[in-house]
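Welcome! Below are some short exercises, each followed by a worked solution. Take your time with the picture before reading on.

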2 protein chains.
Amino acid sequence: MKDKENSFQQIQDLGFAKLIERFKKRTGKKNDKVLHGIGEDCSIFDCGGGLVQCTTTEIFQEGVHFDLTYTPFHHLGYKLVTAAVSDIYAMNATPEQILIAVAIPNRYSVEMMEKFYEGVDAASQDYGIEVSGGDTTASHQILSISVTATGTAKKEDLILRSNSSEGDIICVTGDLGSALAGLRILLREKKSWQESGQQHFQPDLSGYQEVVQRQLVPKARFDFTEALKTTDIRPSSLIDVSQGLMNELRALAVSSGNGFEVYSPAIPISLSTRKVADEMNEDVDKYAFYGGEDFELLFTIPEPLVEKFKAEFDDFVVIGKVTGNKGKLQINTGEENSYEVDLT
Amino acid sequence: MKDKENSFQQIQDLGFAKLIERFKKRTGKKNDKVLHGIGEDCSIFDCGGGLVQCTTTEIFQEGVHFDLTYTPFHHLGYKLVTAAVSDIYAMNATPEQILIAVAIPNRYSVEMMEKFYEGVDAASQDYGIEVSGGDTTASHQILSISVTATGTAKKEDLILRSNSSEGDIICVTGDLGSALAGLRILLREKKSWQESGQQHFQPDLSGYQEVVQRQLVPKARFDFTEALKTTDIRPSSLIDVSQGLMNELRALAVSSGNGFEVYSPAIPISLSTRKVADEMNEDVDKYAFYGGEDFELLFTIPEPLVEKFKAEFDDFVVIGKVTGNKGKLQINTGEENSYEVDLT
């Protein structure tokens with residue numbers, strides 16, 4: 001018998017998705033007012049009177065989630081607020097407040113952290129939310145930042161991940177892969193800087209402003225939820241594209257118990273993103289499928305409503321449909337290399 | 001003129017308290033439903049119908065806030081939940097849910113993280129709350145954990161830091177300095193282990209179980225808020241002792257605009273804590289004043305109510321009184337070395 005107590009399984013061998021599945025068995029005492037817990041973009045708490053509160057929290061580590069050699073502190077503050085409120089919009093809720101906890105190593109100054117908070121403040125103004133709390137403490141090695149946002153919705157307005165039906169149309173806002181394209185350019189310039197041996201290196205970002213902007217100062221799609229409010233149209237499911245389209249398609253398909261089919265030529269990719277992928281000799285579809293941090297919204301909608309919604313909000317495209325092929329994600333490339341992903 | 005853009009002020013030179021004061025100017029867009037923001041134990045959000053939601057978030061860094069050479073993962077999970085719910089009890093609210101975000105470096109295994117979540121689960125069972133969400137991601141160097149808890153209260157039941165009046169009596173639950181005493185013992189054994197050069201070292205904790213337990217597996221004082229519910233007695237202000245008595249006295253005094261006077265011989269310190277301080281040749285009063293993580297509750301109460309409350313809940317002592325000596329904290333030692341701290 002294996003000695004479980006002393007066994008050592010690397011987390012990367014199991015994968016974070018499976019690790020979360022294990023944690024889901026350990027959720028303390030069930031609370032009837034927690035309507036949705038682990039598995040949605042936010043936890044959903046019933047405040048009574050038809051109102052629910054959505055809460056999301058994320059942690060960001062220097063060296064993993066951000067690199068301060070090319071990320072200005074102001075932009076970092078802005079981006080982390082975007083990441084948090086994007087999860088609130090992905091429930092079709094309205095963000096209300098944000099709490100920011102920072103653990104700061106000695107090498108960063110008061111002035112740097114003030115720039116960070118200027119970015120937090122600017123984003124909070126843009127999203128109409130208040131910075132209402134947090135934590136400020138020391139760190140030995142790296143800057144760690146956790147961001148918690150709460151939002152409210154009428155209970156009946158919430159849109160979950162799980163409610164799509166066979167025949168629904170899969171749509172996505174804006175375009176995908178841009179944030180990864182911007183990252184590729186920033187990493188190329190970082191490498192040039194390191195190879196140059198110069199302290200004061202001027203990165204060449206001309207011609208790449210659009211994708212670099214998408215990487216450094218992304219915006220959450222509140223225009224989508226605002227547009228929904230003016231209609232009686234309801235997507236059947238909704239998620240934000242923070243970890244790459246493939247991950248989000250998987251989350252919607254698995255939670256709904258349906259299959260999904262995606263026409264990959266329909267996936268919206270900007271010319272700027274295509275240009276970067278060409279320069280890097282990389283497959284731009286991979287940028288769209290696996291690049292994260294685009295903060296676009298992926299949603300399903302009953303077919304008859306697509307044209308009607310287009311009249312109200314036109315920055316989205318149809319990329320596929322919900323199928324009865326349970327547990328399968330079919331990627332239709334329009335050519336012989338179409339393939340199927342087993343989601344189970 | 002000093003070049004502000006390029007100046008470098010170390011955060012430790014400014015201090016975290018003053019850094020937070022600077023951040024308080026950058027709170028995004030004011031939200032009328034946020035009744036209390038930065039400056040309380042929790043942010044307070046008005047849910048309508050007389051109900052408020054309290055939200056607290058904290059970040060914990062390996063090497064600063066915990067040391068895994070002597071902290072079992074299970075205990076770490078338990079303790080971080082205690083730290084979070086303690087802030088909810090400190091508003092006289094009821095904790096409802098907790099969200100845990102972890103950034104995990106490669107050197108920790110699936111099994112270790114499962115032990116951590118077992119501790120989270122055990123504490124959540126004890127406090128009657130649900131683990132409703134979070135984040136699980138990678139880290140390059142250190143384990144970082146952020147913990148967010150929310151709780152609810154009737155608006156009129158909330159107890160803030162700021163509402164004490166001159167003449168109120170200052171009280172504290174349980175005893176103080178124990179968690180630091182436990183830490184001293186654990187650090188001594190860690191040093192012995194390092195000096196021994198042995199891989200399998202058996203720490204000698206016999207005779208110190210009480211203080212080590214207080215350091216590793218502290219409990220939040222929900223028995224206090226439960227007792228309050230059975231009475232019509234209301235403390236005028238309330239805070240949890242997480243960062244040492246001196247810090248918490250300062251927070252209550254400054255936010256109330258009053259002065260505080262504390263009789264230091266009255267501060268409750270256990271025999272076990274005194275024994276450790278003696279062994280270490282240290283001043284046990286400093287353990288009580290500056291040692292954090294006791295998670296006791298510090299509160300003020302109108303004088304006539306003290307005896308009445310004692311009949312309902314007896315695990316507290318009187319340590320001082322609220323004075324009109326604005327901005328001053330007087331420490332009355334009962335001897336000639338009494339002193340006054342300027343809080344402004």
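Helices (at least four residues) and strands (at least two) are DSSP runs, numbered from the N terminus. Please keep in mind that this is a predicted model.

**Exercise 1. Find out how confident the predictor is in chain A and in the complex.**

Step 1. Start with the single chain: chain A averages a pLDDT of 93. In this chain, 98% of the residues score at least 70.

Step 2. Then turn to the complex, for which the predictor gives an ipTM of 0.93 and a pTM of 0.94.

**Exercise 2. Describe the side of chain A that touches chain B.**

Step 1. Count the residues: 76 from chain A and 76 from chain B take part in the contact.

Step 2. List the elements. Those of chain A that give two or more residues include the helices α1 (11-14), α2 (16-23) and α4 (110-127). The strands β2 (43-48), β3 (51-61), β4 (94-104), β5 (130-138) and β6 (144-154) also belong to this list.

Step 3. Pick out the main contributor: α4(A) provides the largest share, 10 residues.

Step 4. Sort by class. This side of chain A holds 27 nonpolar, 35 polar and 14 charged residues.

**Exercise 3. Work out how the two domains of chain A meet.**

Step 1. Set the bounds: the domain assignment gives domain 1 (30-157) and domain 2 (169-342).

Step 2. Place the domains in space. Their C-alpha centres lie 22 Å apart.

Step 3. Look at the contact, where 17 residues of domain 1 of chain A meet 19 residues of domain 2 of chain A. On the domain 1 side, the largest share, 9 residues, comes from α3(A). By class, that side divides into 7 nonpolar, 7 polar and 3 charged residues.

**Exercise 4. Decide whether A:Gly77 is buried or exposed, and name its contacts.**

Step 1. Locate the residue: A:Gly77 sits in helix α3 (residues 73-89) of chain A.

Step 2. Apply the cut-off. A residue is buried if 20 or more other C-beta atoms lie within 10 Å of its own. A:Gly77 has 27 such atoms, so it is buried.

Step 3. Find its partners beyond four places in sequence. They are A:Phe116, A:Tyr117, A:Glu118, A:Gly119, A:Val120 and A:Ala123.

**Exercise 5. Find which residues have the most contacts inside the largest nonpolar core.**

Step 1. Look at the core itself, which has 186 residues. Those with the most contacts inside it are A:Val81 and B:Val81.

Step 2. Follow one of them. Not counting residues up to four places away in sequence, B:Val81 touches B:Ile98, B:Val120, B:Ala123, B:Ser124, B:Tyr127 and B:Val147.

Step 3. Set this against a general tendency: in soluble globular proteins, nonpolar side chains tend to be buried together.

**Exercise 6. Explain how the buried residues of α9(A) are arranged.**

Step 1. Name them. In helix α9 (residues 271-279) of chain A, the residues A:Ser272, A:Thr273, A:Val276 and A:Ala277 are buried.

Step 2. Look down the helix axis: these residues fall within an arc of 135°, so they line one face of the helix.

Step 3. Check the face turned away from the buried side, which carries the exposed residues A:Leu271 and A:Asp278.

Step 4. See what the buried residues pack against: α5 (178-196), α6 (209-216) and α10 (284-290) of chain A. The buried residues of α6(A), in turn, are A:Val211, A:Val212, A:Arg214, A:Gln215 and A:Leu216. They pack against α3, α5 and α9 of chain A.

**Exercise 7. Compare the surroundings of B:Asn281 and B:Phe295.**

Step 1. Recall the general rule that most residues other than glycine have a negative phi.

Step 2. Read the angles. Phi of B:Asn281 is positive, near 55°, and B:Phe295 has a positive phi of about 55°.

Step 3. Place both residues. B:Asn281 lies in the loop between α9 (271-279) and α10 (284-290) of chain B. B:Phe295 is in the loop between α10 and β10 (296-301) of chain B.

Step 4. Count the C-beta atoms within 10 Å. B:Asn281 has 6 others and is exposed, whereas B:Phe295 has 24 others and is buried.

Methods. Residues are numbered from 1 along each chain as its sequence is written. Chains are lettered from A and ligands numbered from 1 in the order in which they are written. This is a predicted model: local features need pLDDT of at least 70, side-chain atom pairs count only at pLDDT 80 or more; totals for chains, interfaces and linings use all residues. A residue is buried if 20 or more other C-beta atoms lie within 10 Å of its own, exposed if 12 or fewer, and partly exposed in between; C-beta atoms are placed from the backbone. Two residues are in contact if their C-beta atoms, placed from the backbone, lie within 7 Å. Ala, Val, Leu, Ile, Met, Phe, Trp, Tyr, Cys and Pro count as nonpolar, Asp, Glu, Lys and Arg as charged, and the others, Gly among them, as polar. pLDDT is the predictor's confidence in each residue, from 0 to 100. Domain bounds come from an automatic or database domain assignment. The arc is that of the directions from the helix axis to the C-beta atoms. A nonpolar core is a set of buried Ala, Val, Leu, Ile, Met, Phe, Trp, Tyr and Cys residues joined through C-beta atoms within 7 Å.
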